[in-house]
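I set out to look up a number of features in one protein model and to record each result in turn. The entries below are kept in the order in which I worked.

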Amino acid sequence: MARSWWTVWRRLTLLFLGATLLGGITQQWQLTLLLAALGGLAWQLWQLYRLDRWLDGDQDVCLPHTGPVWDGIQGRIARLYRQSRKRKRKFSRLLQQFQQAVAALPDAAVLLSEDDRMAWCNGAAQPLLGLTPSRDHGLPITHLLRHPGFVAFLNQRGNNDHVEFPSPVDDSLLLSARIAPYGKKQRLLLVTDISRVRRLEQMRREFVTNVSHELRTPLTVIAGYLETLLDSDDPVLAGWEQPLRRMQQQSGRMLHLIEDLLLLARLESQKERPPLKPVAVPALLTDIAEDASALSGDQGHQISVIADPGLWLLGCEKELHSAFANLTINAVRYTPAGGQITLRWFADERGLHLAVADTGEGIAPHHLPRLTERFYRINRDRSRSSGGTGLGLSIVKHILNNHGGQLRIESTLGAGSIFTCDFPVELRVAPGCSETESG
Ligand code: ADP
């Protein structure tokens, strides 16, 4: 037992011995013992009361000396208090540094409560989103940022990883918002200004489009003259037929490349989207299969179409023709003579699908994720010699994106490939359906 407690026991013993002695002298045992017990209790209560007052008030002020146990308790409380004050100062310094760091971020950071109310925001939230921490604290974020795209993104909880929308402060700024969950059910909204990136992308697109336009006219003229020269019976040109044919072939390739670049630029630009109309996909596929047979020529590919005649699609016929033809022509080009090519058009509970299957050379798995990149070719020379530009699958991907669909590629090296275009079920229309009926 601690020394302080021995002292207490000693004092109590002395008190009761004194009371017993006094009781012996006065013949009032009970009264003196009772008075001694009451006195001891009253003293302890008084010490408790003073400790309570001291805890309520300024703990830097020391209690007067009140005996070993009470002094010990007071000392320990004071030590704990000093330690907690030191810890608090350290944490508030850290918190201040953290807040300064977050405030200095060029991106807007907004803390959202469980019910999506604004709990806090940094300095960049003011110029980008028009939010002020003092004024907007506790308000629902959808009352502060009302863009429909943002509201839908906030409510969908996790399907898309980001959303782009114009700044409510300055609509020339394009913002990209992401949400990171943290804590129990809170969320952190991070908003970045992507106007500069988009402007650079736009400049790149315009540059490619302008160069392509500028090259198209002189190339068309060259191709025209080459054709005239090849058609001419002039004996002077007799020895030039071979080089002229090579030149015509190369200028044709360049024109093809330019047409593909211009088509990609058009597909990327969301401004000139053509209206969607009901497309008779089965008839479209029959035409494409006939063209593919002509391309196959004496290579003798077996091209078949299995199409549900009752399945039409709401889309842009020209674009769909381009996408389906690209896949079918690729199947012919990358399948050895006599191989089988099947175009299958069907619907299931997940949507509408066009699967172009071939028994060709197949693709190694590590190429698959990169096939739709521009100019990505497994064998550059092979692609060039068969008239490829390296843009075909990129065009297909953009066309499908514009229809809310996607491209899936399955392939086994040496056994063949299946390129599947998936379309959402909402694009299904009844055969013969007119534009107004479908819209
Ligand atoms: P390209 O004009 O070179 O065909 P694409 O974008 O259409 O460009 O295709 C990219 C690459 O994907 C091709 O170079 C080829 O290597 C590969 N590829 C495309 N379709 C097939 C296929 N059906 N079978 C095997 N490889 C294919």
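The entries that follow treat two helices, the ligand, a third helix, the cysteines, a proline and some backbone angles.

**Entry 1. The model**

I note at the outset that this is a predicted model. I read every value below as computed from that model.

**Entry 2. Helix H1**

I began with helix H1, which covers residues 3-26 and has 24 residues. I looked up the distance from its first C-alpha to its last and found 35 Å. The expected value, at 1.5 Å a residue, is 34 Å, and the two are close.

Next I asked which residues of H1 are buried. I recorded Thr7, Ala19 and Gly23. I then looked up what the buried residues of H1 pack against, and found helix H2 (29-56) and helix H3 (68-103).

Just after H1 I came to Gln27, where phi is positive, at about 60°.

**Entry 3. Helix H11**

I repeated the length check on helix H11, residues 317-333. Its 17 residues should span 24 Å at 1.5 Å a residue, and its end C-alpha atoms are 24 Å apart, so the two values agree.

Is H11 largely enclosed by the rest of the structure or not, and why? I found that 13 of its 17 residues are buried, and therefore I describe H11 as largely enclosed by the rest of the structure.

**Entry 4. The ligand**

I looked up how many residues surround the ligand and found 19. The closest are Asn330, Tyr334, Ser383, Gly390 and Leu393.

I then examined individual atoms. A polar side-chain atom of Asn330 is 2.8 Å from an oxygen atom of the ligand. For Tyr334, a polar side-chain atom is 2.9 Å from an oxygen atom of the ligand. With Ile378 the atom concerned is a backbone N or O, and it lies 3.4 Å from an oxygen atom of the ligand.

Finally I looked up how much of the ligand is covered. Taken alone, the ligand exposes 520 Å², and the protein buries 98% of that area.

**Entry 5. Helix H13**

I chose two residues from helix H13, which spans residues 392-402. One of them is His398, and the other is Ile395.

Why do I list His398 as buried? Its relative accessibility is 16%, and buried means under 20%. Ile395 is buried as well, with a relative accessible area of 0%.

I then listed their contacts, leaving aside neighbours within four places in sequence. His398 is in contact with Leu264, Leu267, Glu268 and Arg374. Ile395 touches Asp260, Leu263, Leu264, Leu267, Ser322 and Asn326. For one of these partners, Ser322, I also looked up the separation: Ile395 and Ser322 are 73 residues apart in sequence, and their C-alpha atoms are 8.3 Å apart in space.

**Entry 6. Cysteines**

How many disulfides does the model contain? The count comes to 0. I looked more closely at Cys316, which is in no disulfide. The nearest cysteine sulfur belongs to Cys421 and is 14 Å away, whereas a disulfide requires sulfur atoms within 2.5 Å.

Cys316 counts as buried, at 9% relative accessibility. Cys121 is buried too, with a relative accessible area of 2%.

**Entry 7. Pro309**

I located Pro309 in the loop between strand S7 (302-307) and strand S8 (312-315). Is Pro309 buried or exposed? Its relative accessibility is 62%, so it counts as exposed.

Leaving aside neighbours within four places in sequence, Pro309 is in contact with Pro282 and Pro431. I also looked up its distance to Ser195, 114 residues apart from it along the chain, and found 46 Å between the C-alpha atoms.

**Entry 8. Positive phi angles**

I reminded myself that most residues other than glycine have a negative phi. I therefore noted the exceptions that I met.

Asp116 has a positive phi, near 60°. It lies in the loop between strand S1 (108-112) and strand S2 (118-121), and at 10% relative accessibility Asp116 counts as buried.

Phe375 also has a positive phi, near 60°. Its place is the loop between strand S10 (351-358) and helix H12 (380-385). At 34% relative accessibility, Phe375 counts as partly exposed.

Notes: Residues numbered from 1 in each chain as written. Predicted model: local features only at pLDDT ≥ 70, side-chain atom pairs only at ≥ 80, totals over all residues. Heavy atoms only, no water. Helix = DSSP H or I, 4+ residues; strand = E, 2+ residues; numbered from the N terminus. Expected span 1.5 Å × (residues − 1). Buried < 20%, exposed > 50% of the residue type's maximum accessible area, 1.4 Å probe, protein only. Contact = heavy atoms within 4.5 Å. Near = heavy atom within 4 Å. Polar contact = N/O pair within 3.5 Å; in protein donor to acceptor, adjacent residues only side chain to side chain. Areas by Shrake-Rupley, 256 points an atom, 1.4 Å probe, with all protein chains shown as cover.
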